[in-house]
Amino acid sequence: MDGRESLDRSSAEAARTMPGPDGQPPYHANESFESDRGQQGPVATSANGNSGVVDSVLQSDIGVNTILTRLKQSVASAREFAAFLKKRSSLEEEHAQGLKKLCKSSHESSRRPDNRQGGYSQHYNEVIGIHDRLADNGVQFALSLHQMHEDLHDLAGNIERGRKQWKQQGLSAEKRVQDSEALMEKAKAKYDSLAEDYDRARTGDKQSGRVFGLKGPKSAAQHEEDLNRKVQAADSDYRSKVQTAQNQRHELVTTQRPQAVKAIYDLITECDAGLTLQLQKFGMVQVKPQLSPTCTDTH
């Protein structure tokens, strides 16, 4: 076997089998990184009580998109309740101010000489006073609702900014790996094609026929030698692409994806906790005016 035949089928097999990073088992190109895809990095949400199925989904190729969708739902819910609080506050403010105006005009009317005085006037003014205090409670209720709206609106805005940041970082890392693997597959296809051409040229009739190139006709031996150089170059390029793709996926599944999933999960927890808090506060401030002594004190 001469120098032109130095790259044979064993070279093709060698190019398809590369050692993994940090002493991992060899990588086989035809496996399309399935072994790496199954490898679990540090589960970012292992302390949150999720089942193994949920965690396996979050650490899969669809994990970042899945949890981003869940975070978007949390933000939408927070904004929806914030909008409700804003409208409810406006309605309560409008009602309270209207009641204040009614109490003021009624009190002024009761003092006119053409209206009954004495015991009737006294009890009537007590009723007006109760409703005036109800209006004051309504104003305070409206202010509380408005503050809750602002708090929840600010929280939703902060969470949304965090969602966009981690969406960009998380999906960019996923895309880098996908692009790297696409380049690897392209290099593999090029190598396979050249290897087949080289095998045909090497095993064919070297004395018959000529190949025409840019610089004129080539002998079969010259054509074989040219193919040999191209296969060796494609072999080197393929090996490099395999190593790059494997290193990037290893970093993705062990570091980048778990970090993104944990950060997004923390944003979901923060958003949902803030929404729950405002719901609880709404329940308390809703009941408080009704329990006020001014609502039932008729003496």
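**Close-up 1. Glu160 and its salt-bridge partner in helix α5.** In this predicted model, Glu160 counts as buried, at 12% relative accessibility. The carboxylate of Glu160 is in a salt bridge with Arg163, and the closest N and O atoms of the two are 2.8 Å apart. Arg163 is itself buried, with a relative accessible area of 10%. Because Arg163 and Glu160 are three residues apart in helix α5, about one helical turn separates them.

**Close-up 2. A salt-bridge network that includes Asp61.** Pan across to a set of charged side chains: Asp61, Glu174, Glu181, Arg249 and Arg257 are joined into one network by salt bridges that share partners. For context, a search of the whole structure finds 18 salt bridges. The next two views look at contacts made by Asp61, which is partly exposed at a relative accessible area of 36%.

**Close-up 3. Arg249 meets Asp61.** Here the two side chains form a salt bridge, with 3.4 Å from N to O. Arg249 lies in helix α6 (residues 220-291) and Asp61 in the loop between α3 and α4, so this pair ties together parts that are 188 residues apart in sequence. While Asp61 is partly exposed, Arg249 is buried, with a relative accessible area of 2%.

**Close-up 4. Arg257 meets Asp61.** The side chain of Asp61 also forms a salt bridge with that of Arg257, at 2.8 Å from N to O. Once again distant parts of the chain are linked: Arg257 sits in helix α6 and Asp61 in the loop between α3 and α4, 196 residues apart. Arg257 is buried, and its relative accessible area is 1%.

**Close-up 5. A positive patch on the surface.** Now for a look at the outside of the model. Lys72, Arg79, Lys164 and Lys167 make up this patch. Two elements, α4 (63-110) and α5 (119-203), each give two or more residues to the patch. Take Lys167 as a landmark: this residue is placed in helix α5 and is partly exposed, with a relative accessible area of 39%.

**Close-up 6. A nonpolar patch on the surface.** Our last stop is a patch formed by Val53, Val57 and Ile62, which together have about 260 Å² of accessible area. Val53 is a handy residue to find in this view, with its place in helix α3 (residues 52-58). The relative accessible area of Val53 is 60%, so this residue counts as exposed.

Key:
Residues are numbered from 1 along each chain as its sequence is written. This is a predicted model: local features need pLDDT of at least 70, side-chain atom pairs count only at pLDDT 80 or more; totals for chains, interfaces and linings use all residues. Side-chain values use heavy atoms; hydrogens and water are left out. Patches are made of residues with over 30% relative accessible area and no salt bridge: like charges are joined within 9 Å, nonpolar side chains (Val, Leu, Ile, Met, Phe, Trp, Tyr) within 5 Å. Accessible areas come from the Shrake-Rupley method with a 1.4 Å probe; for residues, only the protein chains shown count as cover. A salt bridge is a side-chain nitrogen of Lys or Arg within 4 Å of a carboxyl oxygen of Asp or Glu. Lys and Arg count as positive and Asp and Glu as negative; His and the chain ends are not counted. The place of a charge is taken as NZ of Lys, CZ of Arg, CG of Asp or CD of Glu. Helices (H or I, at least four residues) and strands (E, at least two) are DSSP runs, numbered from the N terminus. Buried means under 20% relative accessible area, exposed over 50%, partly exposed in between (1.4 Å probe, protein chains only).
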